[in-house]
Amino acid sequence: EPFVADEYIERLAWRTPGGGSRGGEAFDPKRLLEEFVNHIQELQVMDERIQRKVEKLEQQCQKEAKEFAKKVQELQKSNQVAFQHFQELDEHISYVATKVCHLGDQLEGVNTPRQRAVEAQKLMKYFNEFLDGELKSDVFTNSEKIKEAADIIQKLHLIAQELPFDRFSEVKSKIASKYHDLECQLIQEFTSAQRRGEISRMREVAAVLLHFKGYSHCVDVYIKQCQEGAFLRNDVFEDAAVLCQRVNKQVGEVFSNPETVLAKLIQNIFEVKLQSYVKDQLEEHRKSDAEQYLKNLYDLYTRTTNLSSKLMEFNLGTDKQTFLSKLIKSIFISYLENYIEVEIGYLKSRSAMILQRYYDSKNHQKRSIGTGGIQDLKERIRQRTNLPLGPSIDTHGETFLSQEVVVNLLQETKQAFERCHRLSDPSDLPKNAFRIFSMLVEFLCTEHIDYALETGLAGIPSSDSKNANLYFLDVVHQANTIFHLFDKQFNDHLMPLISSSPKLSECLQKKKDIIEQMEVKLDMGIDTLNCMIGQMKHILAAEQKKTDFKPEDENNVLIQYTNACVKVCGYVRKQVEKIRNSMDGKNVDTVLMELGVRFHRLIYEHLQQYSYSCMGGMLAICDVAEYRKCAKDFKIALVLQLFDTLHALCNLLVVAPDNLKQVCSGEQLANLDKNILHSFVQLRVDYRSARLARHFS
């Protein structure tokens with residue numbers, strides 16, 4: 001433990017009698033001092049003893065250090081001597097090795113010609129046997145030495161090719177015949193070994209055949225036998241993948257060039273098995289059933305490319321991507337050349353059938369609609385002319401828009417985009433996608449949505465019709481929903497296909513034109529607001545009575561607002577809710593503002609038709625207050641402001657003559673034209689009194 005002086009002294013005092021640390025003992029300073037002095041002397045003696053011991057150890061350490069240093073110096077000298085001996089030995093070994101190498105070169109120079117001479121002598125001996133016409137050597141008669149015989153006959157075959165034909169024609173033909181026989185025997189042996197599953201024997205025979213012309217035939221036999229029993233299931237693509245996986249593990253153990261053999265197997269599978277299978281599947285429906293043909297083409301091409309992706313993991317040479325792409329192209333090129341024409345033809349007929357089936361279910365015969373351009377439509381809006389669609393027609397509440405039809409058209413187009421992405425050449429992809437998009441625009445936007453809008457416009461009743469049903473807002477609501485689906489498909493399925501091509505701007509412009517044309521036709525539907533105002537006029541004309549604002553008994557008025565006001569407000573609230581459900585975005589505010597302004601003008605002009613007694617003026621104020629509550633549902637600041645001002649004008653009908661000027665100069669009426677104020681004051685039954693006319697003037 002670490003030494004602490006205070007604790008040490010405390011323990012010493014505690015052990016000393018009279019030290020004052022023990023309970024009950026008297027403190028004796030002299031005795032404690034004596035103990036401290038004695039202890040100090042003991043410590044000094046101990047310190048001197050320890051110091052002597054330390055000095056002795058230091059001297060011993062210095063002595064041993066000198067002896068160790070001397071020993072190290074002696075070892076270094078011995079090491080230097082040993083290193084010199086090692087260098088001398090290394091130089092001697094190098095000298096001997098050089099001599100040995102030189103001797104080896106000389107021996108090789110002598111032995112190589114000798115071996116060649118021996119080999120040439122053997123070949124001459126075998127050649128003489130062919131020349132004599134009788135093969136006596138054991139290497140040719142013993143079937144177990146077929147490997148040695150193959151090596152000899154292969155060399156003789158090369159030699160025979162250099163000999164003149166006129167003198168050695170007979171021997172050349174015998175060598176060629178033996179060459180061919182041995183080649184056939186080797187291939188037969190390879191075939192038997194493959195059937196027995198003897199990989200080592202197959203490897204030996206393949207190595208021998210490598211130098212023969214029939215080596216390629218050996219590979220063909222191997223490929224043929226590999227496929228025996230491999231295609232038994234219905235899924236030829238899965239069978240092909242399993243076969244290639246199995247052969248890939250084996251081919252490296254048999255052949256010296258496994259990547260070439262595996263590539264040849266894959267080529268054979270594509271050009272024979274797959275091509276035949278694809279042809280059988282497609283030719284059956286090519287002319288009779290375009291839908292099934294396109295589905296099969298997409299499915300087969302997808303499965304073929306998936307198989308190609310699996311085969312990419314194998315070693316097929318340097319450029320396996322190009323190799324596999326060429327194989328796929330060789331199978332499908334005749335089908336892909338005119339794919340887009342088949343796709344467009346099918347999409348056109350299918351879309352037309354979907355639409356016709358829908359209109360037939362509604363017992364509706366499509367009528368021709370106007371085909372004027374956007375500028376023509378804008379001009380008709382600007383001039384607020386009547387719609388040139390002929391007489392108004394009764395659609396019986398039918399919008400001629402169907403979610404089911406839209407979903408079917410979008411689904412067909414989605415599948416067409418998927419096929420286009422997969423089957424189109426990358427350079428033709430944007431162009432083909434644009435053609436499919438044009439089909440969607442033609443049948444969904446023009447033939448369905450646009451036709452429904454035109455029919456809805458033609459079905460808008462005139463403003464003086466009674467109990468008119470405003471189905472056009474239902475058309476707007478459904479058209480809005482459908483266009484959101486159209487826009488989603490545009491972004492999800494078309495954009496990825498054209499995003500990096502010049503066709504992008506063309507598609508965006510086409511979409512913009514469609515939106516603009518539809519918005520123009522929706523703007524033309526503003527005549528629906530005229531119908532709404534017409535309905536309000538009918539309600540006011542039928543329900544509002546002159547006695548409402550000039551009652552016979554001024555003291556016995558029990559109603560808070562008139563019946564006409566109640567019915568008009570109820571009608572307006574329904575229409576506002578319908579507009580909100582039918583539209584979205586800024587269109588809601590735009591239409592509600594237009595309706596609110598027309599609603600205000602109608603009420604303003606309606607109030608101008610009556611004379612008001614004091615109690616009648618109060619009732620008019622109550623009516624306008626109710627109209628103002630109704631105006632709050634519009635959530636349009638301008639509309640609410642107009643009704644606030646109208647409410648302030650109605651106060652002129654009841655205010656005391658002496659307060660007229662004060663009211664007219666109020667915040668809400670101060671900026672109004674004096675003629676407007678005067679026109680409201682004139683509606684009072686007491687206007688003719690000189691007192692009122694004098695105060696107002």
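**Exercise 1.** Does Cys614 count as buried or exposed?

*Solution.* The model is predicted.
Step 1. Take the cut-offs: a residue is buried under 20% relative accessible area and exposed over 50%.
Step 2. Read the value for Cys614, which is 52% relative accessibility.
Step 3. Cys614 therefore counts as exposed.

**Exercise 2.** Decide how Cys445 is classed, and state how many disulfides the structure holds.

*Solution.* Step 1. The relative accessibility of Cys445 is 2%, so Cys445 counts as buried.
Step 2. A disulfide is a covalent bond between the sulfur atoms of two cysteines.
Step 3. The count of disulfides in this structure is 0.

**Exercise 3.** Describe helix 15 by its span, its bend and its burial.

*Solution.* Step 1. Helix 15 runs over residues 429-458 and has 30 residues.
Step 2. From first C-alpha to last, helix 15 reaches 41 Å, close to the 44 Å expected at 1.5 Å a residue.
Step 3. Look for a bend: helix 15 has a kink of about 30°, centred on Asp450.
Step 4. Turn to burial. Because 25 of its 30 residues are buried, helix 15 is largely enclosed by the rest of the structure.

**Exercise 4.** Which residues of helix 21 are buried, and what span does helix 21 reach?

*Solution.* Step 1. Helix 21 covers residues 614-632, a run of 19 residues.
Step 2. Its first and last C-alpha atoms are 27 Å apart, close to the expected 27 Å.
Step 3. The buried residues are Gly616, Gly617, Leu619, Ala620, Ile621, Asp623, Val624, Glu626, Tyr627, Cys630 and Ala631.
Step 4. To read such a list, recall that an α-helix has 3.6 residues a turn, so residues three or four places apart point the same way.

**Exercise 5.** For Asn363 and Lys635, give the phi angle, the location and the exposure.

*Solution.* Step 1. Asn363 has a positive phi, near 50°, and is not a glycine.
Step 2. Asn363 sits in the loop between helix 12 (339-361) and helix 13 (374-383).
Step 3. With 73% relative accessibility, Asn363 counts as exposed.
Step 4. Lys635, also not a glycine, has a positive phi of about 55°.
Step 5. The loop that holds Lys635 lies between helix 21 and helix 22 (637-650).
Step 6. Lys635 has 69% relative accessibility, so Lys635 counts as exposed.

**Exercise 6.** Set the annotation of residues 40-78 beside the model.

*Solution.* Step 1. An unreviewed UniProt entry annotates residues 40-78 as "coiled-coil region".
Step 2. In the model, the chain over residues 40-78 is 100% helix and 0% strand.
Step 3. The end C-alpha atoms of this stretch are 57 Å apart.

Definitions and conventions. Residues are numbered from 1 along each chain as its sequence is written. This is a predicted model: local features need pLDDT of at least 70, side-chain atom pairs count only at pLDDT 80 or more; totals for chains, interfaces and linings use all residues. Side-chain values use heavy atoms; hydrogens and water are left out. UniProt positions are given in the numbering used here, feature names are shortened, and annotations may be inferred rather than shown by experiment. Helices (H or I, at least four residues) and strands (E, at least two) are DSSP runs, numbered from the N terminus. The expected span of a helix is 1.5 Å times one less than its number of residues. The bend at a residue is the angle between axes fitted to the seven residues ending there and the seven starting there. Buried means under 20% relative accessible area, exposed over 50%, partly exposed in between (1.4 Å probe, protein chains only). A disulfide is a pair of cysteine sulfur atoms within 2.5 Å.
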